[in-house]
Amino acid sequence: MHLNYQKAEPSIKLKTHTDSTGVCSPHLSLKLELQSQSMAASIAVTANYVLQPPPYALDALEPHMSKQTLEFHWGKHHRAYVDNLKKQVLGTDLEGKPLDHIINKTYNNGDLLPAFNNAAQAWNHEFFWESMKPNGGGKPSGELLALLERDFTSYEKFYEEFNAAAATQFGAGWAWLAYANDKLKVVKTPNAVNPLVLGSFPLLTIDVWEHAYYLDFQNRRPDYIKTFMNNLVSWEAVSARLEAAKVASSSSA
Amino acid sequence: MAIRCVASRKTLAGLKETSSRLIGFRGIQTFTLPDLPYDYGALEPAISGEIMQIHHQKHHQTYVTNYNNALEQLDQAVSKGDASAVVKLQSAIKFNGGGHVNHLIFWKNLAPVKEGGGEPPKGSLGSAIDTHFGSLEGLVKKMSAEGAAVQGSGWVWLGLDKELKKLVVDTTANQDPLVTKGGSLVPLVGIDVWEHAYYLQYKNVRPEYLKNVWKVINWKYASEIYEKECN
């Protein structure tokens, strides 16, 4: 399955396909790997574990998410997950395997193997940057809005549930909008866990590890969540992921 | 129980600021945030005043507030005999009660340099550390490595196993108190490795925080606890 996703400003890369030298290909494309055994089909993975930059400049999310936060969160935390993953899989049978393969293998049904944290966090962070855009927020539309209204009774109810999940994930973790069995649901996960290992398609995420918001909001996680929802979410990315997830589910059904 | 409640209500007016107060006939204690025994800036440069203030006034206060709420809900659920509500409250109690317990220990584990912060332990604890870890440096290296390796949020501890009469280093996740790793474990030194404990100053470099925090560790308090438990 191949989706050509051309966008005018601001450009949104869903996933770029890197060649073996780690160079991003110039066209924007979404490559789906269908795994017929499970619903946990990944939404494009890079076999080279390259630290992709966010699809916008590091200061482009200001004032809602500071340049300083992006410099540390992407430039240090995300980079470390990628670099440490590469070191960790070197010389093992995980080396060179696609990221989603590593994630599922090392999740090991909840009995986490050492490389899980780095692998899942590398995936989660790339997914997170792509869940946001400059001048984001607002309301979704089209098919996505229709499904949100169907599965949560209203957008406002979804907002409440997503907000609550993000606010009540104790310690480090993530809140997600996910798709499985033709239903949308909100889930929260601890540390590096993501919906891929829970058998669903991630559509949207917010990082609620303290490093994601501490420089800008300190302890005020609720303010961070509100800012994310009102000013940062890229509903275009979420809609595109929903389309891809529906295609992937119907193909593997 | 009833006698204790009556006596406490009589003395309630005379009670100075303590870390607990009694409400209701059952004498359910709720909690208040105690003041730190030093100024927020007194641990600089190891831990910034900004971090100490937010850590104490915001994070610890939130644990106290939420713990009290959970306790009041628990009291009601117990009175009603609502078993599933009681069970459902356990995680809120562990998170927030654990957060309160752990931070009470943490503030005592720290001291300004001019009040002995960073001074190596003497006496029986000092000897025990040398026996079990070779040297204080050996212990520090071990705790720093284990603290750095905690994934997500948690704590690294030096504890005393009362039963086996030996010192142990262990970590706990989130706000789990050390006792969740073993009923006979007594915490001597706990170091908070949640990102809120160091991020504004050390950013992503948790090992640098762990290197510096030892300069303000209050070994006198740890020794007191150790000696009390060993006698």
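Reader: Which residues of H5(A) and H7(A) meet?

Author: In this predicted model, H5(A) contributes Tyr155(A), Phe158(A), Tyr159(A), Phe162(A), Asn163(A), Ala166(A) and Ala167(A). Their partners in H7(A) are Arg221(A), Ile225(A), Lys226(A), Phe228(A), Met229(A) and Asn230(A).

Reader: What makes these residues count as meeting?

Author: Contact requires heavy atoms within 4.5 Å, and the residues named for H5(A) and H7(A) are in contact.

Reader: How many residues of each class are in the contact of H5(A) with H7(A)?

Author: Nine are nonpolar, two polar and two charged. Tyr counts as nonpolar, so Tyr155(A) and Tyr159(A) belong with the nonpolar residues. Lys and Arg count as charged, so Arg221(A) and Lys226(A) are the charged pair.

Reader: Why are H5(A) and H7(A) called oblique to each other?

Author: The axes of H5(A), residues 155-168, and H7(A), residues 221-231, cross at roughly 140°. Roughly antiparallel needs an angle over 145 degrees, and roughly perpendicular covers 65 to 115. The crossing fits neither class, and the two helices are therefore oblique.

Reader: What else describes the pair H5(A) and H7(A)?

Author: Two packed helices are described by the distance between their axes as well as by the angle. Here the axes of H5(A) and H7(A) come within 10 Å, and the crossing is right-handed.

Reader: How many helices and strands does chain A have?

Author: Chain A has eight helices and five strands. Along the sequence they follow the pattern β-β-α-α-α-α-α-β-β-β-α-α-α.

Reader: What percentage of chain A counts as buried?

Author: Of its 253 residues, 56% count as buried, the cut-off being under 20% relative accessible area.

Methods. Residues are numbered from 1 along each chain as its sequence is written. Chains are lettered from A and ligands numbered from 1 in the order in which they are written. This is a predicted model: local features need pLDDT of at least 70, side-chain atom pairs count only at pLDDT 80 or more; totals for chains, interfaces and linings use all residues. Side-chain values use heavy atoms; hydrogens and water are left out. Helices (H or I, at least four residues) and strands (E, at least two) are DSSP runs, numbered from the N terminus. Buried means under 20% relative accessible area, exposed over 50%, partly exposed in between (1.4 Å probe, protein chains only). Axes are lines fitted to C-alpha atoms, for helices over the stretch in contact, and angles run from 0 to 180 degrees between N-to-C directions. Angles under 35 degrees count as roughly parallel, over 145 as roughly antiparallel, 65 to 115 as roughly perpendicular and the rest as oblique. A crossing is left-handed if the near helix is turned anticlockwise from the far one by less than a right angle, and right-handed if clockwise.
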